[in-house]
Amino acid sequence: MSETTSREDVVVNDYDNDDNNEEEQPMPQPQDLEDDLVQDVLKTGTDLREYSAEIERQLTDAENSTIESIVKEAENIALLHTQVTECDSILEQMESMLLGFQSSLGSISEEILSLQKKSITMSQQLTNRQMIRAPLSQFIEDMTVSDSLIKGIMDAPVTETEFTSNLEILNHKINFMKEQSFKETKACFDVKDTLEKLKLKAIAKIRSYLLEQIYKFRKPMTNFQVPQNNMLKHKLFFEFILANERNIAEEICAEYIDTMSKIYYSYFKSYCSRLKKLQFDENPSKDDLMGVEDTASRGLFHKSHLKHRGTVFSIGARGEVLSTQLELPIIVPHTASKTKYHYEALFRSEQYALVDNACREYLFLVEFFKVRGSQALEIFNQVTGKTLNLLKKNLQSFVDDSYDAIALFLCLQLVMRYQLMCHKRAVPALDKYWDQMTATIWPRFEYVFRMNIQSIKECDPMKFPARETGPHYITRRYAEFSAAMIGVGEGFPCEGATQLLAELREAVQCFLLRMAAIFPQRIQQLIFLINNYDLVLGVLMERTRDNSKEAESFKEQLNARSTEYVEEILSPHFGGIIQLVKEFETLIEKGQAEDLKRQESKALSLVQSFTNNWKRALEEINRDVLKSFPSLILGTSLVQRAMTQLVQYYHRFHKILPANVRPQLTNIHHIMIEIKKYKTSY
């Protein structure tokens, strides 16, 4: 109540002060005049004092009302105050708890980070230990010498699997110890003596075994492939010795080289000497040349010679050494003692035996002694050197006295084929040997070949007593010989041989021309040339390919001579018509038609003569041609060629005749019917 009273006193005092100062109050300001309430008061003319008093009363009432409501709610306010105080206390406690919890979380975070760092460290340590665990375990295993290893090396026989497997382990440990010794690993000193003793024991046992296998080669009638295969099964033995005791490895290698060198030399020396006894006793001599005269006293094709050897210039079945017989088993002398062979067959057997043994030996040396390149060739030459020299000497002894060009050429081809065979077997060790063999054979082959060429060039046609138009025996020799050379060289062409064949072909063709010149009549010359060309071409076509240079050359010669022969054979019977046709065609080309009329009488006489004699002429032509050519096929082909040529001349003759003369000609169909009678079915 005291507060209320004091407020009222203050209000009254203020009101009194307002009354006393009414005259002193300032005039309303312009901005106050804009207020809506002020404007309303001014408009209504309300007394400001009353209005102010009214406002004061309203404020007093509002204040009293407020005080009353507050007094009424005093308990609630006090209760609220108490509650607020309690809440404030609770919030302080919560703040304290949260601050403590925050502090705990901070320490926990630090612990988590610490644990995380420890976890990473432990993980890295585990990884490092796992990484080193396997190498360390392997290191311990490699450095440890077990009782089973010692027992396997000391007690097990070398041929058993136990010894071989333990030898591999021992070799690995020795190599590992050497590697660690360079790193100055102290653990090496603990096992070094033990491994050294085991190594010496293993080397001693291996040396004894390998030398024992090598000594087995020396026993008579021993198949040396068996001990070789045994050595290959245990090629690890030599690898071990080579890696740990080179002196002993060299000793074993030297012992093997010495043993096998003697074995191969002894085998081939005996085999070659026995093969030589199977060769034909009679061989071609320097008198057995293509151009040498064939007489009864000494004939190259004499039957008495055929009992012992084939002809000098025909190959027969000798070429089979390059095909079906190339890889056949070698000739066994004691089973073929009653059979005689040409030299190339014996040469094939000898060289095939060398190829078989040398290839196997080279591959054995490479695999067992672990050598490559020049080292392999050096050891191979030490093993087979004496044998190869023996074979070269044997060939040289044959070549020096040989005049058998076919045998020499077959030997050359065998060398090329066996060299290719060695390459297919991946054995280059015999390349030098093959080159030397070729260098031995080729000069002699070329020499003998040129002797035959020269014999033909020097051959005098006048020395031959019989002058027949049939094929000459020199032609037959050439045909057989050239077919043999071409057929043999088809698979492996030789430029030198091709050049020699070209020279021989030219010499033979020149010889045939010289021989033809001894016949007085041109038709006889043509018959002789055609017979000889046909013989050569027939042999070449039968035994070689069609596109050889020799075949093409003789085809051209045969065609040219056949064309000329047809003209010659038609001339006695139809020469007038042929001459008239050629003259008339020449005049027509020159445009001299008036001159044709002057020849009408001559044409009429030729027509009359042809009509009376053409059938008889055809019969005579057929008879003369077939009588002149021993080859029925050649004769009939020439007959047909002559008939065809006659028909062509007859057509041309028909065209140039005047219209009033043509009806007197024999109908062409009658001529064709007659010609068909001379056409054979073969």
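# Report on a predicted all-chain model

E255 counts as partly exposed, because its relative accessibility is 22%, and a residue is called buried when this value is under 20%. The model described here is a predicted one, and this residue is a useful place to start reading it.

## Salt bridges

E255 is the partner of R218 in a salt bridge, in which the closest N and O atoms are 2.3 Å apart. This pair links distant parts of the chain, since R218 sits in the loop between α8 (188-216) and α9 (225-233), while E255 belongs to helix α11 (residues 246-276), and the two are 37 residues apart. R218 is also partly exposed, with a relative accessibility of 42%.

Other salt bridges join residues of one helix. R57 and E54 form such a bridge, with their closest N and O atoms 1.9 Å apart, and both residues lie in helix α4 (residues 48-72), where a spacing of 3 residues corresponds to about one turn of the helix. R57 is partly exposed at a relative accessible area of 46%, and E54 is likewise classed as partly exposed, at 31%. Further along the chain, E620 and R616 form a salt bridge whose closest N and O atoms are 3.0 Å apart; because these residues are 4 apart in helix α22 (residues 600-628), about one helical turn separates them. R616 has a relative accessible area of 43% and is therefore partly exposed.

| Salt bridge | Closest N and O atoms | Residues apart in sequence |
|---|---|---|
| R57 and E54 | 1.9 Å | 3 residues |
| R218 and E255 | 2.3 Å | 37 residues |
| E620 and R616 | 3.0 Å | 4 residues |

The count of salt bridges in the model comes to 18, and R318, E344 and D404 are linked in a network of them.

## A buried arginine and its surroundings

What is the distance from R348 to the nearest side chain of opposite charge? That side chain belongs to E327 and is 8.7 Å away, and R348, although it is buried, has no salt bridge. A salt bridge would need a side-chain nitrogen within 4 Å of a carboxyl oxygen. The side chain of R348 does, however, reach the backbone oxygen of Q325, at a distance of 2.8 Å. R348 is placed in helix α13 (residues 343-368), and if residues up to four places away in sequence are left out, the residues it touches include V321, L326, P329, I331, L414 and Y418.

I330 is another residue in contact with R348, and apart from neighbours within four places in sequence its contacts also include Y267, Y271, S349, Y352 and A353. I330 lies in the loop between α12 (303-306) and α13, and its C-alpha atom is separated by 8.1 Å from that of R348, which is 18 residues away along the chain. With a relative accessibility of 27%, I330 counts as partly exposed.

## Loops and a surface patch

P284 lies in the loop between α11 and α12 and is buried, because its relative accessible area is 9%. P284 and Y403 are 119 residues apart in sequence, yet their C-alpha atoms are 5.6 Å apart in space.

Two residues other than glycine have a positive phi value: for K370 the angle is near 55 degrees, and for A426 it is near 60 degrees. K370 lies in the loop between α13 and α14 (373-400) and is partly exposed at 36% relative accessibility. A426 is placed in the loop between α15 (405-424) and α16 (431-457), and it is exposed, with a relative accessible area of 53%.

On the surface, F101, L105, I108 and I112 make a nonpolar patch of about 380 Å². One of these residues, L105, lies in helix α5 (residues 74-143), and its relative accessible area of 42% is why it is described as partly exposed.

## The chain as a whole

How many helices and strands does the chain have? There are 24 helices and 0 strands. The chain has 682 residues, of which 39% are buried, and it exposes about 39,600 Å², with carbon and sulfur atoms supplying 54% of that area. Among the contacts between residues at least 6 apart in sequence, 78% join residues that are at least 24 apart.

Note on methods
Residues are numbered from 1 along each chain as its sequence is written. This is a predicted model: local features need pLDDT of at least 70, side-chain atom pairs count only at pLDDT 80 or more; totals for chains, interfaces and linings use all residues. Side-chain values use heavy atoms; hydrogens and water are left out. Patches are made of residues with over 30% relative accessible area and no salt bridge: like charges are joined within 9 Å, nonpolar side chains (Val, Leu, Ile, Met, Phe, Trp, Tyr) within 5 Å. Accessible areas come from the Shrake-Rupley method with a 1.4 Å probe; for residues, only the protein chains shown count as cover. Buried means under 20% relative accessible area, exposed over 50%, partly exposed in between (1.4 Å probe, protein chains only). Lys and Arg count as positive and Asp and Glu as negative; His and the chain ends are not counted. A polar contact is a pair of N or O atoms within 3.5 Å; within protein, one must be able to donate a hydrogen and the other to accept it, and residues adjacent in sequence count only if both atoms are side-chain atoms. Contact means heavy atoms within 4.5 Å.
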